[in-house]
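Here is a model to go through by question and answer.

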Amino acid sequence: MAEQKVVFTLGDESRPVEISSGKIAKLANGSCVVRMGDTTVMVAVCSGDAKPGQDFFPLQVDYREKFSAAGKFPGGYGKREGRPTDKEILTCRVTDRPLRPLFPAGFFDEVQISALLLSADGVNEPDVLSILGASTALCLSDLPFQGPIGAVRVGKVDGKLVVNPTTEQMKVSTIDLIYAGLPDKVIMIEGEAEFCTEAELGEAMYLANEMVKIQCEAQNELARLMNVVKKEPTLHLVDEALVKALQDYCAPTIEAVCTIPGKNDRIVAMNELLASMREAIRPQFAEMEEEDFNRDTNTAFDDYFRTVTRRLILEKHYRQDGRGIFDIRPLSAEVAVLPVVHGSSLFSRGETQAMVIATLGNEKDSLMSDNITNGEGFTNKRFYLHYNFPNYSVGEVGRISGPGRREIGHGDLAERSVSKVVPKDFPYVVRCVSEIMGSNGSTSMASVCGATLALMDAGVPITAPVAGISCGLVTSEDGSQSLILTDILGAEDHFGDMDFKVCGTRDGITGFQLDLKLPGISIDLLCQAMQQNREARLQILDVIEACIPAPRAEVSPRAPQMLEIKINPDKIGALIGPGGKNIRAITEETGASIDIEDDGSVKIMASDKAHLDAAHERVLESTAEAEVGKIYRGKVVTVRDFGAFVEVLPGIEGLLHISELADYRVNQVTDICNEGDTITVKVIDIDNSGKIRLSRKAALKDM
């Protein structure tokens with residue numbers, strides 16, 4: 001079929017969006033190219049049959065950026081892109097999350113979505129184009145996708161909401177909202193804000209929803225032009241007779257198991273009930289293969305446990321740990337829990353624990369990255385947070401490897417949320433590491449709270465404490481009832497419909513993330529959850545401030561000591577010295593690190609005050625200027641018949657004329673000094689050209 005395309009605008013007539021299909025990647029189940037400005041993303045969808053014994057939907061999303069898209073070469077010796085960057089992984093996640101709920105239950109075919117940035121203009125960000133392209137490619141495929149969805153970014157510039165703002169606009173935007181959903185139903189939001197209110201964020205979502213309607217109409221039109229035909233999917237559903245037998249056996253005891261408070265105790269009881277049920281009903285299904293029987297009973301048991309848990313919440317407002325709907329689990333906060341480190345904390349919420357360590361460093365410790373899409377090249381991040389989720393945090397054994405997509409995503413959410421309160425002019429580079437010690441729901445939010453505590457413990461002058469909390473949702477099968485839960489357990493996340501995380505200070509929101517298992521909810525319901533979340537956030541801030549009411553007055557004595565001074569920019573060369581000789585000597589002799597900016601700003605960092613003072617003195621010596629009437633101890637660098645040249649300050653020499661060597665007649669300069677000698681001299685004149693005249697006899701007279 002010939003290439004087909006649709007073009008539409010989202011409020012800015014100068015930047016239309018174009019979606020085309022039928023020209024490239026024709027062998028995929030579905031493919032398209034999305035273009036906005038000169039930023040172009042290609043998305044292709046392929047599928048394969050479900051693997052034997054599979055009991056889940058294996059959706060895989062991969063987004064890649066190549067330097068060639070921006071007309072650049074990769075850095076380093078190997079001129080080929082390697083493992084995905086954090087930005088690529090985060091784009092994979094926001095592309096995956098709104099698509100996953102829109103496939104039918106029991107559909108286990110392998111589905112792979114590949115998005116490739118073909119062209120980056122440095123003006124239009126490609127992440128929302130990846131989401132839009134993935135939805136379009138699925139709509140154009142024969143897969144049972146229950147879309148389309150739309151996706152936009154909303155910013156707020158000069159008090160006005162802007163749809164898909166440019167990279168320049170985003171630099172001054174107070175909101176960065178990525179929104180994806182069906183018409184009038186939100187499925188996923190992700191982003192950050194400069195202390196916006198719940199009402200402001202709600203307003204941005206309503207605007208995004210109107211843009212989603214335009215995008216969905218365009219995708220439906222393109223599918224019509226491409227004459228898309230959907231195939232009947234194979235759904236792997238559990239036999240109704242097995243479901244009935246399982247439920248009949250478990251019904252008398254499953255409610256008691258659902259209401260066991262402790263996570264580990266509940267899991268043990270669940271496993272015991274599952275095992276006894278299998279043994280009891282196995283004779284009724286003797287013809288089933290063992291592998292099929294175990295898989296189907298696992299699925300049916302999990303569904304039944306989910307149904308009972310949800311019914312208890314909806315009908316009795318009963319939660320597994322006995323809390324009320326709006327209650328937060330027991331909270332505790334500690335600081336200075338570790339020696340040696342610059343700042344540390346342990347934040348606990350029920351069985352969820354995050355130990356966070358803050359480390360202060362210099363400019364060389366900043367996180368440098370080469371951003372392909374923002375048109376600026378290398379960027380330095382001066383505050384960053386790393387999140388680690390080890391197997392022991394859930395009491396399990398497993399493969400130990402580097403950070404996965406989940407860890408990178410959780411760390412990014414916590415980092416964005418906390419970064420808003422770290423002063424831009426704070427002279428230190430700051431790294432926080434969140435080590436999850438126990439996990440039973442919302443470890444990313446515990447990381448936000450723990451990072452706030454650790455920063456204050458380290459003496460970082462944050463502008464306000466930040467806290468985060470998650471709300472969940474349970475809805476009835478017919479959609480007539482819904483209940484928002486504050487501070488969800490891991491099981492409530494697993495069996496519920498929503499995980500809505502919001503972080504912020506007392507003044508406003510700094511970060512947010514929504515995951516849904518439902519194919520969308522109303523924006524009104526999400527706004528209600530935001531208000532519920534805010535009330536819980538204020539309670540947590542009370543606990544944080546009771547632990548440490550404000551940042552420590554000074555940075556930790558364990559942290560490197562730092563001093564920032566200003567020198568004459570013309571003296572930068574003198575400080576550095578020929579080939580870096582002078583600055584290298586200072587750093588080697590004092591152990592300090594020194595960062596020099598073009599405007600003459602000099603940051604000195606050392607392990608303690610003594611080394612800091614030594615480096616500071618050397619910098620002042622290297623950048624000082626000679627003063628008339630001042631006496632110096634200088635080094636004779638050159639001897640001539642008419643006098644000697646003496647270095648009175650690093651890189652600054654003056655002429656000591658033979659007539660100024662002594663108060664008597666000197667026949668030869670070498671009678672008084674030789675090259676390499678140290679001599680006391682006084683500056684008696686500096687002419688308009690900067691030439692310095694020195695006198696030894698005047699210095700001796702004044703001593």
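The turns below cover a helix pair, the nonpolar cores and one loop proline.

Me: What kind of model is this, and what pLDDT do local features need?
Reply: This is a predicted model in which side-chain atom pairs count only at pLDDT 80 or more, while totals for chains, interfaces and linings use all residues, and local features need pLDDT of at least 70. Residues are numbered from 1 along each chain as its sequence is written, and side-chain values use heavy atoms, leaving out hydrogens and water.

Me: How are H8 and H9 oriented to each other?
Reply: The axes (lines fitted to C-alpha atoms over the stretch in contact, with angles from 0 to 180 degrees between N-to-C directions) of H8 (residues 405-419) and H9 (residues 443-458) come within 9 Å and cross at roughly 45°. Helices are DSSP runs of H or I, at least four residues. Angles under 35 degrees count as roughly parallel, over 145 as roughly antiparallel, 65 to 115 as roughly perpendicular and the rest as oblique. H8 and H9 are therefore oblique.

Me: Which helix gives the largest share of the largest nonpolar core?
Reply: A nonpolar core joins buried (under 20% relative accessible area, 1.4 Å probe, protein chains only) Ala, Val, Leu, Ile, Met, Phe, Trp, Tyr and Cys residues through side-chain atoms within 4.5 Å. The largest has 85 residues, of which Ile-113, Leu-177 and Ile-189 touch the most other members. Its largest share, ten residues, comes from helix H4.

Me: Is Pro-578 buried or exposed?
Reply: Pro-578 sits in the loop between H12 (572-576) and H13 (581-590). Exposed means over 50% relative accessible area. At 70%, Pro-578 is therefore exposed.

Conventions:
Helices (H or I, at least four residues) and strands (E, at least two) are DSSP runs, numbered from the N terminus.
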